[in-house]
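Trainee: I am new to this predicted model. Please take a close look at one part of it, the part that holds its regular secondary structure, and place that part in the setting of the whole chain.

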Amino acid sequence: GTFRATFEDQILMSDIVSCRLWVPITVKEFYNPVNTLLDNVGDDKEGTPWQGMRTVAEIRRDQQLAIPVNKDSLYKP
């Protein structure tokens, strides 16, 4: 449908406009968790159990990388 809106001043591209709609909508599902893989029970086709992604800390520890430090963010007394 269409609607008509009035504003106090000229609207700019940087302005945020929200329009409250009283129409039922359906929300698309973007996330579908797979709980069976989180049990770590059983093996996949290659015979290896499921393993989650490594964290950044684990990758840095394995590759012996230092934590990056921004000199502008350090505490200055």
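Mentor: An accessible area is obtained here by the Shrake-Rupley method with a 1.4 Å probe. On that basis, the chain in this predicted model exposes about 9000 Å², and carbon and sulfur atoms supply 56% of that area. Buried residues make up 0% of the 77 residues in the chain.

The secondary structure amounts to 1 helix and 0 strands. The helix, H1, spans 56-63, and we may now turn to this region. A salt bridge joins the side chains of Arg54 and Asp62, with 2.7 Å from N to O. That value satisfies the limit for a salt bridge, because the nitrogen has to be within 4 Å of the carboxyl oxygen. By this rule the count comes to 1 salt bridge. Arg54 is described as partly exposed because its relative accessible area of 42% falls between the cut-offs of 20% and 50%.

The segment after H1 contains Gln64. This residue is not a glycine, yet its phi is positive, at about 55°. Most residues other than glycine have a negative phi. Gln64 also counts as exposed, because its relative accessible area is 73% and the cut-off is over 50%.

The segment before H1 deserves a word for context, since Phe7 is found there. Together with Ile11 and Val17, Phe7 makes a nonpolar surface patch of about 270 Å². Phe7 has a relative accessible area of 45% and is therefore partly exposed; that value also meets the requirement for a patch, because patch residues need over 30%.

To review the region of H1: Arg54 and Asp62 meet in a salt bridge, and Gln64, in the segment after H1, has a positive phi.

Key. Residues are numbered from 1 along each chain as its sequence is written. This is a predicted model: local features need pLDDT of at least 70, side-chain atom pairs count only at pLDDT 80 or more; totals for chains, interfaces and linings use all residues. Side-chain values use heavy atoms; hydrogens and water are left out. Patches are made of residues with over 30% relative accessible area and no salt bridge: like charges are joined within 9 Å, nonpolar side chains (Val, Leu, Ile, Met, Phe, Trp, Tyr) within 5 Å. Helices (H or I, at least four residues) and strands (E, at least two) are DSSP runs, numbered from the N terminus. Buried means under 20% relative accessible area, exposed over 50%, partly exposed in between (1.4 Å probe, protein chains only).
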